[in-house]
Amino acid sequence: MENPKSIIKVEELQTSFYTHKGEIKAVDGVSFDVPSGKTLGIVGESGSGKSITSLSIMRLLEDPGKIKGGKITFNGEDLLAKSESNMRTIRGNRISMIFQEPMTSLNPVFTIGDQIAESYMIHEGLSKKQALRKALGMLELVGIPSPKDRLKAYPHELSGGMRQRAMIAIALACNPELLIADEPTTALDVTIQAQILRLINGLQEELGMSMMLITHDLGVVAETCDYVAVMYAGKIVEYADVDTLFKSPKHPYTVGLLQSLPRHDIDQDELNVIKGMVPRPDDLPEGCRFAPRCPFATRLCEEKLPSLDDIDDKNQVRCWIYNDQWDGPEVNVKDDYRTAQSD
Amino acid sequence: MTTELLRVTNLKQYFPIKGGILGRKVNDVKAVDDISFYVNAGETLSIVGESGCGKSTTGRAILRLDEPTAGEVSFNGKDLLALNKSEMRKMRKDLQIIFQDPYASINPRQTVRQVLNEAMEIQNVLPKDQREDRMMELMDTVGLGAHQLDRFPHEFSGGQRQRIGIARALSVDPKLIICDESVSALDVSIQAQVLNLLKKLQRELDLTYLFIAHDLGVVRHISDRVIVMYLGKIVEVADKKSLFDNPKHPYTKTLLSAIPVPDPTKQKEQIILKGDVPSPIDPPTGCRFHTRCPFATDKCKDEVPELRTTSDGMVAGHEAACHYIEEIESGEMKAKD
């Protein structure tokens, strides 16, 4: 599977946390790239390692987290080889990030205007006055009403949706090449979520930036992403373009996830469930990490970890079913999941 | 035959705002403002809406966890608001609640056994010597193992803790369970497990649910009837099918169109609302949605619309609080930008 020119390439990234209980592999050999000008969605449930992946790219991990191995290439530059001061010139300038909860990522004692202006003063060396003028432009761009007054407002004076707009204004201030949005709308009500997603999509087109969207919401993925990587227990289990992923998902986890989603737009009888729960990161299964919950799992799955392989020119899947070594009966994962599950 | 289990009439819940040096009441947050509805025995009625619409407050007011400002709540023919404290406590045997975050609603220093035992003790459900068996049975019912009875809440995962919350509610054989965002904090795969469990329990134990949620996918899956609330008022009520297939209130339509669909090939028309939900301290006059409604006229600003059914296109029991249901339906009124 060849992708067009990519803005960022992550190869075999390994991030672990070293606790008194031993090493916890939060991200374990993750590779992907974000095609220039496109949006890559990373989906997964709690503990899948999706947020740690983005923090690793930004080199924002806190102790005891460490990047153990792998390579991150951003526009041809090796990010993991950069010094901390070099990273600072990249963060918030060429790669920006939006977080889930704007109230905790905005500074409560500075005005919105100051916080946007800071980016311009640090990265572009503007004076405070010039920076504030540009900040005003950003607030207009993200659709905050009466931006002049809002420049002087503190975060607590804004509603949740407005705060997220302010966050976006800060993140986009220096016209980044890559925007990493980590659950940007999860804390918002649906009508506000719709506003923010439309805003992000529009700005992406306007500014031509590339984007990584980290989310647990498959609906958000379907509406905003071009490519999708599905993560489970620290590994990517499936990668495809968005249409392919939703139309013909191949990995049993992806299929299970899609079938367990209660939909508001169609009638469903009983929801399909994925039995059991996500394995603890300090106690991962030896073989395929999804094997204990997978209705198709065989001995091979329990013993050996499958690799992420191209199975046609559209999907990359980490599953033995699509390998020559497969030792189970022939299955069509999408059609047979429900029956296999109930056995 | 359907029998009515719960009826809420003209319920109001105002929370006072105190201010000034004397701490006098300066205003109210009108969290729930004059709503009426009923729940039939054995059905699931859902209340949906965004943050601050009053859906959780309604649930709490019914149980008198917060004392309602005005209105009537009648359960099985008894007026709940007329009961004194100890009578109400006895009544709660029949009315249980499951909260969003089971970790915050279960005592972290009690084992599951203590949690369940305390509930049965307070409501005097079974003689002491039979409780052990009942607890085992409950654990099995909610899909946990009997060997986990002596564990503490922190030893369980989120989905399992929610099952403990369900077991505790079931331990006193309730008739009505209020589920307040009970599956919102769970991952999709676990959420599906808990939803299926709730449905199964309802079939087997003849339970009635008042299901409070913001996720319309979940609501469509579990409900028989649905109430949509906005800023303390009911804007639409209908059976599930009518509400999702034939919504009448502009707010319901917006809400439905705003949810992302996990299907990239589905082209849909999205109605994007302007602005935020206004403050419930000083809600808009007339129809509370008029400040954001694309159809609003002067009449909407002045007159509060009542819940009503139109003669055509709305099945019995489907009501919406909008002045212009017919005009919007016929296309006579167009959305303004």
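Trainee: OK, so two strands pair if DSSP finds at least two bridges between them. With that in hand, which residue in S7(A) is the bridge partner of Ile95(A)?

Mentor: Leu178(A) is the bridge partner of Ile95(A) in S7(A). Keep in mind as we go that this is a predicted model.

Trainee: How many bridges join S6(A) to strand S7 of chain A, and in which sense do the strands run?

Mentor: There are 4 bridges between S6(A) and strand S7 (residues 178-182) of chain A, and the two strands run parallel.

Trainee: And the side chains of strand S6 of chain A, are they buried or exposed?

Mentor: Buried, on both faces of strand S6 (residues 95-98) of chain A. Ile95(A) and Met97(A) are on one side, while Ser96(A) and Ile98(A) are on the other.

Trainee: What sheet of chain A does S6 belong to?

Mentor: An open sheet of 8 strands in chain A, with mixed pairing. Follow it across and the order is S6-S7-S8-S3-S9-S10-S12-S11. The edge strands are S6 and strand S11 (309-310) of chain A, and each of these pairs on one side only.

Trainee: Remind me, what do strands of a sheet pair through?

Mentor: Strands of a sheet pair through backbone hydrogen bonds, and they do so either parallel or antiparallel.

Trainee: Over how many bridges do strand S3 and strand S8 of chain A pair?

Mentor: Strand S3 (residues 39-43) and strand S8 (residues 210-215) of chain A pair over 5 bridges, in the parallel sense. If you want a spot to click on, Ile42(A) stands opposite Ile214(A) in S8(A).

Trainee: Switching topic. How many residues of each chain are in contact where chain A meets chain B?

Mentor: On the chain A side, 37 residues are in contact with 33 residues of chain B. Four helices of chain A each give two or more residues to that side: helix H8 (190-207), helix H9 (218-224), helix H10 (242-247) and helix H11 (252-259). H8(A) supplies the largest share, 6 residues.

Trainee: What classes of residue are on that side of chain A?

Mentor: The side of chain A that touches chain B has 15 nonpolar, 13 polar and 9 charged residues.

Trainee: Could you pick one residue there for me to look at?

Mentor: Try Gly219(A), which has its place in helix H9 of chain A. Leaving aside neighbours within four places in sequence, Gly219(A) is in contact with Ile259(B), Pro260(B), Val261(B) and Pro262(B).

Trainee: Why is Gly219(A) called buried?

Mentor: Because 21 other C-beta atoms lie within 10 Å of Gly219(A), and a residue is buried if there are 20 or more.

Trainee: How far is Gly219(A) from Leu261(A) in space?

Mentor: They are 9.6 Å apart, C-alpha to C-alpha, with their positions 42 residues apart in sequence.

Trainee: What scores does the predictor give the complex?

Mentor: The complex gets an ipTM of 0.85 and a pTM of 0.88. For chain B, the mean pLDDT is 91, with 99% of its residues at 70 or more.

Trainee: Let's stay with chain B. How many helices and strands does chain B have?

Mentor: Chain B has 12 helices and 11 strands. Among the strands, 4 form an open sheet in the order S2-S1-S4-S5, with antiparallel pairing. Strand S2 (24-40) and strand S5 (78-79) of chain B are the edge strands.

Trainee: How many bridges join strand S1 to strand S4 of chain B?

Mentor: 5 bridges join strand S1 (residues 4-19) to strand S4 (residues 70-75) of chain B. In S4(B), Glu72(B) is the bridge partner of Thr9(B).

Trainee: Which domains does chain B have?

Mentor: The domain assignment gives domain 1 (4-94 + 174-330) and domain 2 (109-170) of chain B. Their C-alpha centres lie 31 Å apart. The contact takes 10 residues from domain 1 and 7 residues from domain 2 of chain B. On the domain 1 side, helix H7 (residues 188-205) of chain B gives the most, with 4 residues.

Trainee: Last one: how does the radius of gyration of chain B fit a compact globule?

Mentor: It agrees, because a compact globule with 337 residues would have a radius of gyration near 20 Å and chain B has 21 Å. Buried residues make up 44% of chain B.

Technical notes. Residues are numbered from 1 along each chain as its sequence is written. Chains are lettered from A and ligands numbered from 1 in the order in which they are written. This is a predicted model: local features need pLDDT of at least 70, side-chain atom pairs count only at pLDDT 80 or more; totals for chains, interfaces and linings use all residues. The radius of gyration is taken over C-alpha atoms; the globule rule is 2.2 Å times the number of residues to the power 0.38. A residue is buried if 20 or more other C-beta atoms lie within 10 Å of its own, exposed if 12 or fewer, and partly exposed in between; C-beta atoms are placed from the backbone. Two residues are in contact if their C-beta atoms, placed from the backbone, lie within 7 Å. Ala, Val, Leu, Ile, Met, Phe, Trp, Tyr, Cys and Pro count as nonpolar, Asp, Glu, Lys and Arg as charged, and the others, Gly among them, as polar. Domain bounds come from an automatic or database domain assignment. pLDDT is the predictor's confidence in each residue, from 0 to 100.
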